[in-house]
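Biologist: Before I rely on any label attached to this model, I would like to hear what each one rests on. Could we go through them in turn?

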Amino acid sequence: MTLMFRLFIICAAIFAAHSGAFAAMTVVTLPGEAVLTLDSGKLELIPVNDGAIQVRFSDGKTPVTPSLVLLSHLSPTKFEVRESADSVTVATAKMCAVVDRATGAISFRDQSGKTFLAETVGTRLLKPTKVQ
């Protein structure tokens, strides 16, 4: 095998791995939230205020259960959605949530970019339950 052929095979494998991962996510920005559709379900990032982002993950088919914690009359928080080849970022004035396009894992960062909370890849579990 020639060196050029080996490089071609390696590049093709990298492209195939990345193109599948990136294609698995669509992003829609709605008033008050960003909705990411993953192969594994629907991920909603809802800025509650400048220092809090609500995360809701579902199969995308089940109706949303009203929050038992958050009030529905909160005023909308200003936020922006930034997309790159590697991630989707939902940012408020004081923090941001970053979703890795390859894994779907979420991390939260402060204004300076320091990660203060990160989901471990592969630990998200969606299990049906009933709220009484």
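Modeller: What follows is a conversation about the terms applied to this chain and the values behind them.

Biologist: What makes some parts of the model usable for local description?

Modeller: This is a predicted model, in which local features need a pLDDT of at least 70, side-chain atom pairs count only at pLDDT 80 or more, and totals for chains, interfaces and linings use all residues. Residues are numbered from 1 along each chain as its sequence is written, and side-chain values use heavy atoms, with hydrogens and water left out. pLDDT is the predictor's confidence in each residue, from 0 to 100; the chain averages 80, and 80% of the residues score at least 70. Over residues 3-23, however, the pLDDT is below 50, and this stretch has 6 contacts in the model beyond near neighbours in sequence, where contact means heavy atoms within 4.5 Å.

Biologist: How many helices and strands does the chain have, and what makes a stretch count as one?

Modeller: Helices (H or I, at least four residues) and strands (E, at least two) are DSSP runs, numbered from the N terminus. By that rule the chain comes to 1 helix and 9 strands, in the pattern α-β-β-β-β-β-β-β-β-β along the sequence.

Biologist: How do you know that β7 and β8 are paired, and in which sense?

Modeller: Two strands pair if DSSP finds at least two bridges between them. Strand β7 (residues 95-100) and strand β8 (residues 106-110) have 5 bridges in the antiparallel sense, so the requirement of at least two is met. Within this pairing Cys96 stands opposite Arg109, and Met95 has Asp110 as its bridge partner. The hairpin has 5 residues between the strands, and Gly104 there takes a positive phi near 80°.

Biologist: Which strand does β8 pair with through Arg109 and Thr115?

Modeller: That is strand β9 (residues 115-118), which pairs with β8 in the antiparallel sense over 3 bridges; Thr115 in β9 is the bridge partner of Arg109. Their hairpin has 4 residues between the strands, with Gly113 at a positive phi near 95°.

Biologist: What makes β5 and β9 edge strands?

Modeller: The open sheet of 5 strands has the order β5-β6-β7-β8-β9, with antiparallel pairing; β5 and β9 are its edge strands, as each pairs on one side only. Neighbouring strands are turned by 20° against each other on average, direction ignored; the axes behind this angle are lines fitted to C-alpha atoms, for helices over the stretch in contact, and angles run from 0 to 180 degrees between N-to-C directions. On the β5 side, 4 bridges join strand β5 (residues 80-83) to β6 in an antiparallel arrangement, with Arg82 partnered by Thr89. β6 in turn pairs with β7 over 5 bridges, again antiparallel, and Val90 has Ala97 as its bridge partner.

Biologist: Why is β6 described as largely enclosed?

Modeller: Buried means under 20% relative accessible area, exposed over 50%, and partly exposed in between (1.4 Å probe, protein chains only). In β6, 5 of the 5 residues are buried, so the strand is largely enclosed by the rest of the structure. Ser87, Thr89 and Ala91 point one way and Val88 and Val90 the other, and all are buried. Across the chain, buried residues make up 27% of the 132 residues.

Biologist: Is Glu44 buried or exposed, and how do you know?

Modeller: Glu44, which is found in strand β3, counts as buried because its relative accessibility is 4%. Leaving out residues up to four places away in sequence, Glu44 touches Glu33, Ala34, Val35, Gln54, Val55 and Arg56.

Biologist: What makes a group of residues a nonpolar core?

Modeller: The term means a set of buried Ala, Val, Leu, Ile, Met, Phe, Trp, Tyr and Cys residues joined through side-chain atoms within 4.5 Å. The largest such core has 15 residues, of which Leu36, Leu45, Val99 and Ile106 touch the most other members. Two or more residues come from each of β2 (33-38), β3 (41-49), β6 (87-91), β7 and β8.

Biologist: Why is the pair of Phe108 and Phe116 called tilted?

Modeller: Rings of Phe, Tyr and Trp (its six-membered ring) pair if their centres lie within 6.5 Å, and planes under 30 degrees apart count as stacked, over 60 as edge-to-face and the rest as tilted. A search of the whole structure finds 1 aromatic pair: the rings of Phe108 and Phe116 have centres 6.4 Å apart and planes at 35°, so the pair is tilted. Phe108 counts as buried, because its relative accessibility is 11%.
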